[in-house]
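User: I would like to go through a structure with you, strands to begin with. Could you bring it up?
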Amino acid sequence: MKFIPILATTLVSLFWPLAPLTAQTPAHPEYAGSQTCVGCHEAAAESWATSHHAKAWMEPSETTVDGDFGGVEFAHRGRTTRFFQKDGEYFIETTDFPDGPTTLKVVGVGGIHPLQQYLIETKPGRLQSLDIAWDQDLKIWYHIYEDQELKPEDGFHWSGPYKNWNARCAECHATGFEKNYDPRERRYSSMQAEIGVGCEACHGPGEAHVTWAEHQGGASKSPFPGLGPTGLMVAFSENNAETEIQQCAGCHSRREAFEDGNPLPGTPFHDAYRLALLRNRLYHADGQILDEVYVYGSFLQSKMYDKGVRCSNCHEPHSGALRAQGNAICTQCHSEAGNTRFPSLTLKVYDDPSHHFHETDTAGAQCVSCHMIERTYMGIDERRDHSFRVPRPDLSATIGTPNACNDCHTEKTPDWAATELQTRFPDSPHRGPHFGEVFHAARNGASGIGPDLLQIAHHAAFPAIVRASALDLLSTSDGSDLSGKTDTLLEDDSPIVRAAALKLLQRLPPQARLVPVLKALDDPSKAVRIEAARQLLGLQTARLPENSLASARSASKEWQASLANKTDFPETHMVIGGTSLAMRNWPAAIAAFTEVTRLDPQLVQAWVFLVRLNLALQNPAAAELALQKALLANPEAQELRALRENSILQ
């Protein structure tokens with residue numbers, strides 16, 4: 001198999017003449033384990049012990065496994081799975097497996113409520129999460145994706161790369177997790193300081209803190225620079241909400257990780273991840289949740305975030321429970337009394353029929369029913385939108401987005417709901433133009449939309465994620481002249497805006513891109529530096545001054561490392577393949593797209609690239625073989641059938 005040496009060539013010498021990748025973990029204290037914390041922090045530890053964090057990943061045992069393993073069978077679309085115990089251990093016998101019927105041992109338990117999943121080691125070190133889960137409320141087995149018929153060879157099948165626990169789940173279910181994937185052997189040697197989200201997942205490795213505590217709070221020399229006065233890596237402060245929010249966001253967000261496993265707690269979010277923007281199929285055009293985007297991207301859109309509200313204002317950080325029940329969680333701020341921490345609050349009665357127009361103590365009278373719509377994921381897991389928005393049924397009528405009113409009043413129309421709100425709140429400022437209307441038009445290919453997207457991007461009153469998303473849409477919209485129109489955005493306070501503005505530069509001539517790209521190579525946020533490294537492709541850099549070359553090498557190495565950390569992802573090899581095409585490295589491109597098809601045979605675009613590349617290289621036999629394999633895996637794919645029907649190989 002030629003893939004591995006070609007991959008190494010691509011990652012190391014394709015971008016810049018860099019040294020081979022090596023592990024360069026900065027010195028930090030060792031992990032001490034959550035049990036070490038219990039002695040001094042008894043109340044916090046007691047709250048944490050029953051939390052979803054503590055039970056995010058557990059060893060299988062009588063006290064952790066809630067599912068019925070008493071020989072019960074579950075059938076789904078012609079495939080049967082049986083759950084049973086033997087000698088005190090838990091097993092799953094299934095016909096739903098790539099190599100035919102098999103029996104696999106349960107090696108891990110994921111989560112506690114509303115569902116519990118079970119982890120299976122399908123190959124040494126490779127953990128997969130079964131799509132048949134245990135419903136904790138109904139006490140039954142159910143299939144998470146009931147409406148999908150996924151064949152065992154499909155990349156989204158429970159045994160495939162998208163359901164791999166090591167790559168897709170473990171870093172948010174463990175403490176101090178290291179994925180340790182070997183692309184040569186295609187094998188995981190993952191390890192972690194602790195399964196479950198322990199104390200040190202948020203506060204950082206505790207060795208130095210334990211030493212400080214043993215000295216009864218006295219000064220002690222530490223070999224680790226930059227630690228707080230108590231030896232902890234993360235200093236949560238009443239005066240700095242952002243540290244807490246970004247620490248939570250590492251897991252509670254839809255994002256792409258740059259590192260292999262957990263970044264050290266306290267690492268700025270945009271040095272560790274690329275945040276998913278308000279893209280189609282992830283969010284509705286108006287920013288409401290659609291796919292599993294978790295919380296951070298929604299919260300960034302809210303006025304609460306803008307005013308300095310943090311996660312722990314509503315959630316007790318150790319138990320994860322709400323600080324109050326029902327509307328009391330909202331009226332701690334939204335009331336006649338207000339809250340002195342947030343002086344901009346409007347002081348008025350909210351928890352009253354005069355505001356919500358529903359009978360007290362009914363579902364319609366709950367603040368969250370109107371301002372935090374609920375959507376169901378994984379079959380039964382209900383999650384709320386944290387953008388805290390005002391219902392806009394008028395937008396539902398014009399661009400088809402959902403609204404809280406019609407979530408309940410399903411027999412009514414959006415026009416009815418809009419009229420009701422107009423009658424009840426005649427002077428409401430929450431009407432009129434909305435960025436969602438522009439986003440909807442752009443997503444649907446409207447012409448002449450560029451100026452509107454630019455206006456949103458420049459409008460300081462919009463949240464940064466909205467402004468960055470406008471730029472992201474602009475990169476694929478009409479060909480409006482952008483010369484000089486994004487310069488100030490490259491200096492924006494928000495790293496996601498700066499990164500999106502950089503990406504937009506690809507629409508400009510090379511001579512107009514070089515200077516801003518070179519400047520961005522030294523940006524304080526890694527997410528921006530990596531985007532700058534991507535934009536270097538195709539630019540003339542041979543005569544750059546040495547300081548610019550050094551910055552280019554450094555940023556390119558960060559991009560290289562981020563790709564190398566995800567060589568078990570099909571989407572990573574799509575990026576490597578595209579980069580190889582841009583650099584005219586045909587063997588590397590073929591190797592990358594071949595690896596994509598091995599990991600995810602349903603990623604049709606990779607097959608198309610393989611067919612066309614081999615034809616361009618005058619290798620019709622390889623092109624024909626690729627097309628045959630592609631059609632076998634995707635018999636209904638129109639792009640592939642078009643290649644055959646158009647006789648492209650003849």
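Analyst: In strand E4, Leu104 is the bridge partner of Ile92. Helices (H or I, at least four residues) and strands (E, at least two) are DSSP runs, numbered from the N terminus. The model is predicted, so local features need pLDDT of at least 70 and side-chain atom pairs count only at pLDDT 80 or more, while totals for chains, interfaces and linings use all residues. Residues are numbered from 1 along each chain as its sequence is written, and side-chain values use heavy atoms, with hydrogens and water left out.

User: How many bridges do E3 and E4 pair over?
Analyst: Four, in the antiparallel sense, with E4 covering residues 102-110; two strands pair if DSSP finds at least two bridges between them.

User: And what joins E2 to E3?
Analyst: Six bridges join E2 (residues 79-86) to E3 (residues 89-94), and these strands run antiparallel. Arg82 stands opposite Glu93 in E3. The two strands form a hairpin with two residues between them, and Asp87 in the turn has a positive phi of about 55°.

User: Changing topic: how many disulfides are there?
Analyst: Zero, where a disulfide is a pair of cysteine sulfur atoms within 2.5 Å.

User: Why is Cys370 not bonded?
Analyst: Because its closest cysteine sulfur, in Cys405, is 6.2 Å away, too far for a bond.

User: Are those cysteines buried or exposed?
Analyst: Cys370 is partly exposed, at 22% relative accessible area, whereas Cys405 is buried at 16%. Buried means under 20% relative accessible area, exposed over 50%, partly exposed in between (1.4 Å probe, protein chains only).
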